[in-house]
Amino acid sequence: MKEKEDYFMLNKELVIIGAGPAGLAAAVRAHEKGVSDILILERDDAPGGILNQCIHNGFGLHTFKEELTGPEYAGRFIDKVRELGIEIKLNTMVLDISRDKLITAVNPDDGILEIRAGAVILAMGCRERPRGALNIPGSRCAGIFTAGTAQRLVNIDGYMPGKEVVILGSGDIGLIMARRMTLEGAKVKAVVELMPYSTGLKRNIVQCLDDYGIPLLLSHTITKIGGKKRLESVTISEVDESRRPIAGTEQTIDCDTLLLSVGLLPENELSRICGVELSPVTGGAIVNESLQTSVPGVFACGNVLHVHDLVDNVSAESYLAGETAAAFLRGESSGREILIKTSGGVRYTVPAYVSPSHVTQPLEVRFRVGEVYKNSFVSVYFDGQRETHLKKRILTPGEMEQVLLRPAHFKKHSDCKEISIRVEAD
Amino acid sequence: MTDVVIIGAGVIGCAIARELSRYRLDVIVLEKEADVAEGTSKANSGIVHAGYDATPGSLKAKFNARGSAMFPNLVKELEVPYKRNGSLVVSFSEENVPRLEELLENGKQNGIEGLEILHREQALEKCPRLSEKVVAALYAKTAAIVCPYELTLAYAENAFNNGVRFRLNSPVLGINRIENGYKLTLSSGDTLETRIIVNAAGLYADAINNMVSARTLEIIPRKGEYCLFDHAAEELAPLTIFQTPTAMGKGVLVTTTADGNLLVGPTAVDVGGRDETDTSREGLEYVLKTAALSVGTLPERQIITSFAGLRAHLETDDFEIGEAPDAEGFINVAGIESPGLSSAPAIGEWVAELLARKLSAEPNPSFDPIRRGIPKFREMDSEERTLFINKNPSYGRVVCRCETVTEAEIIDAIRRPLGATTLDGIKRRTRAGMGRCQSGFCTTRVLEILERELKIPRETVTKFGKGSELLTGRR
Amino acid sequence: MKTKKELTCIGCPMGCLVSVELEDGAIGEISGNSCPHGKEYAEKELTYPERTLTSTIPVDGGEIRMVPVKTALDIPKDKIFEAMAQVRKMRLTAPIEAGNTVIKNIAGTGIDIIATRTVNVGVWI
């Protein structure tokens with residue numbers, strides 16, 4: 001029995017995958033730029049994405065000039081999307097995207113949905129690195145969670161994952177959860193960080209750890225997980241400069257819970273299915289100044305493109321994606337003219353390609369560095385000639401940086417072949 | 001009085017139970033853990049060995065040959081992921097090639113067909129990613145991969161549907177001889193009387209044997225550590241790749257699993273305890289380094305988890321199968337290490353036939369050999385998916401996004417015979433949580449479904465049985 | 001006696017390292033801040049430290065199970081655990097609008113706890 005007619009077939013000008021901060025901002029801006037036929041597909045049962053569980057404050061200083069909590073920040077965008085009448089399909093999982101932008105998705109109400117899109121914005125966000133990716137030896141007992149899973153358990157589901165906690169990794173979610181678990185009566189015994197510096201924001205070290213007397217152990221890692229059924233202890237060791245545990249430095253900490261905050265990975269399985277070229281450095285798509293991927297009409301923004309520290313930057317980037325997707329739908333194309341070369345500590349840039357004719361306003365190029373640099377400079381070279389030379393007191397891998405490429409630069413170097421961005425000592 | 005009590009719901013105990021359910025017998029399986037396949041059966045290579053390596057004339061040789069031949073039909077009856085992918089034993093030097101010839105000769109004596117020595121170029125045709133060091137290989141056409149815990153579950157479910165009773169969370173504390181049989185004392189204080197005991201207790205088979213027989217056994221737990229990679233890594237090993245075997249076992253292999261992941265391992269280290277399934281830094285490093293000899297660089301960034309299993313080794317280096325000499329009606333099925341999984345169907349058949357004769361059992365007229373697995377959304381095409389969602393909308397709700405597992409599959413896993421009651425039970429039955437995010441996303445959803453379906457407070461849901469609770473209370 | 005104290009400003013993600021000169025406990029020159037908030041933060045942190053407190057409260061009859069909440073303004077740092085004890089005893093009923101006051105005058109600070117997400121009447125699954 002074939003019930004092909006049971007498929008739900010749709011045509012949409014713009015389909016946005018993900019109703020987190022990136023997808024919502026992209027939708028709002030695309031609508032403002034004249035695209036009215038928009039559909040947002042969201043796998044969760046509410047819009048807002050991960051912000052719904054980020055109940056802490058500190059969001060929106062750039063975007064709204066005030067300090068909001070995650071749900072408040074998301075709420076502003078959700079209200080806007082509703083006001084504009086943009087449709088969101090919840091509980092909807094995208095299963096497939098073809099190169100010609102045919103999307104297959106599923107939800108309990110519509111069943112299998114097939115949507116032909118004029119343009120697609122990928123805004124699926126990121127996921128946390130699990131324990132397996134670290135290959136931490138030891139037992140496979142209960143009590144080991146990623147910090148984000150613990151955050152969801154506490155803030156959305158209303159359950160405590162443990163009482164005595166050690167946190168591996170000083171990423172922001174780990175720091176935030178150190179405070180959250182403490183406020184809810186748990187004892188957070190230590191935050192253990194492999195690197196000699198924290199990968200989270202400095203303000204979070206102060207207000208989440210220092211405020212509560214939680215020790216941050218830099219250059220340490222977990223070398224053993226103990227416990228048969230539920231976690232009973234972790235063994236931590238100091239690491240040397242090549243991040244190998246130093247024998248003889250082991251200490252055992254009794255705990256029933258280990259939270260992992262050891263990095264985020266862009267969630268690009270769908271992008272891969274679609275044939276989008278991905279960067280081995282970021283794990284996200286390689287895009288041009290319009291945030292268009294290697295597949296024409298497919299754009300990416302937010303944490304699926306590269307992991308951001310601040311949601312304000314996600315919103316700004318996603319506004320741009322909404323705008324450029326709208327331009328694509330009006331028939332404007334964009335290509336890949338000049339590759340931005342990275343060297344001297346710059347690990348990657350977003351965008352990776354620039355077409356000078358598209359730079360009508362200062363273009364924000366975001367990047368991360370590979371290690372800590374003090375009192376150094378971020379320089380931009382056009383065909384070997386230095387045009388930007390910014391003094392930076394400190395550059396760390398934990399914090400995203402940006403430089404501007406200005407229309408004037410491109411006017412001056414009208415047949416520019418190469419742009420490079422690097423960190424320099426002087 | 002029960003006819004047969006089987007101690008241990010691993011692949012051996014469950015295979016015997018299923019084969020016994022062909023007869024009109026009252027059979028009970030006792031398992032100390034909260035689920036079937038909680039021991040060695042869940043943590044091994046998942047290989048159906050062709051059967052060339054066991055010593056000719058040994059029980060290992062006999063049961064492996066027969067078991068391997070039974071698989072193609074069995075996995076159809078039980079709907080278990082299985083693939084005859086073939087295997088290679090690679091040699092890294094010309095001097096070692098005679099060792100391959102010995103294995104080939106051994107295989108012939110064991111009655112194994114489809115064995116062939118390949119030179120480097122021929123081997124490369126089958127497996128293009130073999131390392132530069134490989135000079136020749138023994139090819140075994142009939143080697144296969146199977147999902148070991150799904151096989152165990154399938155055996156158990158089929159046995160259950162054919163009338164076998166299972167008692168989980170039921171460690172055996174003591175066994176006494178009584179007239180015409182045995183009396184078992186369980187940890188709950190309950191007792192059971194039975195005519196026959198089958199000792200399929202895996203790592204604890206010595207303890208069970210020694211409760212009854214004066215001819216004691218000693219199981220030596222031999223640990224094997226593995227690394228599991230994401231699906232994307234599977235093209236490295238279209239066949240299972242072994243290195244030349246050593247006294248401790250078949251060495252480190254590289255294989256694709258029946259579910260399409262890349263698996264490398266195991267180590268082989270004798271350990272003291274029967275619950276020492278911790279992984280170690282040295283072990284994992286050794287596995288990765290040794291596996292790289294076979295296939296060159298491994299994509300270490302795609303490792304999603306590591307695990308360790310324990311082999312139930314006996315000093316005799318062979319299976320111990322049969323009635324204890326001094327205990328009538330007490331059947332040992334002990335020392336079942338590699339090729340135990342490959343041999344399981346044949347051991348099940350042999351033990352069931354032995355007991356049927358012993359008990360003069362009649363065939364069970366209502367025996368149904370067919371077990372249906374959980375329909376897998378990820379393997380369906382759009383039309384099938386639509387049909388399933390029309391019948392049951394929860395097929396439209398994806399709970400595990402890495403492995404595309406729907407809510408309907410999770411509910412099926414809980415409601416089916418011997419259904420899942422733990423997070424790991426759900427994982428083994430549906431693959432929810434097996435993927436690259438290692439349950440980061442679906443744990444909270446699965447906890448919710450378990451709470452709802454089992455009607456128990458969420459704080460009491462466990463990972464793998466009492467003591468492994470995931471939550472410590474309400475916020 | 002002159003001493004120097006260094007503080008990381010938590011006013012924004014930049015996390016400026018602010019130096020404060022202290023003379024016999026009195027605040028002197030403040031440097032290192034990139035904006036006026038940094039100075040303000042340092043002065044307050046050394047005299048009357050305050051924090052925003054955020055948490056959640058269970059909701060009955062709502063489409064979600066927990067409503068996120070925050071203090072409408074910063075509260076004294078040393079009142080945080082007292083405030084939490086009060087928050088943890090609360091239970092609410094849907095509907096709740098984002099911005100609604102859910103606890104008045106938390107821990108005697110004169111500051112209210114407000115909801116940060118709207119919870120409609122519904123059933124969570």
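1. A good place to start is B:Pro365, which counts as exposed at 63% relative accessibility (buried means under 20% relative accessible area, exposed over 50%, and partly exposed in between, with a 1.4 Å probe and protein chains only). B:Pro365 sits in the loop between helix H8 (340–358) and helix H9 (382–391) of chain B. Its C-alpha lies 42 Å from that of B:Arg445, and the two are 80 residues apart in sequence. Helices (H or I, at least four residues) and strands (E, at least two) are DSSP runs, numbered from the N terminus.

2. A word on the ground rules: this is a predicted model, in which local features need pLDDT of at least 70, side-chain atom pairs count only at pLDDT 80 or more, and totals for chains, interfaces and linings use all residues. Residues are numbered from 1 along each chain as its sequence is written, chains are lettered from A and ligands numbered from 1 in the order in which they are written, and side-chain values use heavy atoms, with hydrogens and water left out.

3. Next, have a look at strand E13 (residues 219–229) of chain B. Eleven of its eleven residues are buried, so the strand is largely enclosed by the rest of the structure. In a regular strand the side chains alternate between the two faces of the sheet. Here B:Ile219, B:Pro221, B:Lys223, B:Glu225, B:Cys227 and B:Phe229 point one way, while B:Ile220, B:Arg222, B:Gly224, B:Tyr226 and B:Leu228 point the other way, and all are buried.

4. Which strands pair with E13(B)? Two strands pair if DSSP finds at least two bridges between them. Strand E18 (residues 303–314) of chain B runs antiparallel to E13(B) and is joined to it by eleven bridges. Strand E17 (residues 269–270) of chain B is an antiparallel partner over two bridges, and strand E16 (residues 262–265) of chain B pairs in the antiparallel sense over three.

5. B:Lys223 is a handy residue to click on in E13(B). It stands opposite B:Leu310 in E18(B) and also opposite B:Val269 in E17(B). For the pairing with E16(B), look at B:Phe229, which stands opposite B:Leu262.

6. Strand E5 (residues 87–91) of chain B is worth viewing too. Five of its five residues are buried, so E5(B) is largely enclosed by the rest of the structure. Both of its faces are covered, with B:Ser87, B:Val89 and B:Ser91 on one side and B:Leu88 and B:Val90 on the other. Strand E7 (residues 136–140) of chain B runs antiparallel to E5(B) over five bridges, and B:Leu88 has B:Tyr139 as its bridge partner there. Strand E14 (residues 240–243) of chain B runs parallel to E5(B) over four bridges, where B:Val90 is matched with B:Gln243.

7. Over in chain A, five strands form an open, parallel sheet in the order E10-E18-E12-E13-E14. Strand E10 (144–146) and strand E14 (216–217) of chain A stand at the edges with a single partner strand each, so one side of each is left without a neighbour in the sheet. Two bridges join E14(A) to strand E13 (residues 187–192) of chain A in parallel, and A:Val192 has A:Leu217 as its bridge partner.

8. Finally, chain C: C:Glu29 belongs to strand E3 (residues 26–31) and is exposed, with a relative accessible area of 55%. Together with C:Glu21, C:Glu23 and C:Asp24, C:Glu29 gathers in a patch of negative charge on the surface (patches are made of residues with over 30% relative accessible area and no salt bridge, like charges being joined within 9 Å and nonpolar side chains, Val, Leu, Ile, Met, Phe, Trp and Tyr, within 5 Å). A salt bridge is a side-chain nitrogen of Lys or Arg within 4 Å of a carboxyl oxygen of Asp or Glu.

Technical notes
Accessible areas come from the Shrake-Rupley method with a 1.4 Å probe; for residues, only the protein chains shown count as cover. Lys and Arg count as positive and Asp and Glu as negative; His and the chain ends are not counted. The place of a charge is taken as NZ of Lys, CZ of Arg, CG of Asp or CD of Glu.
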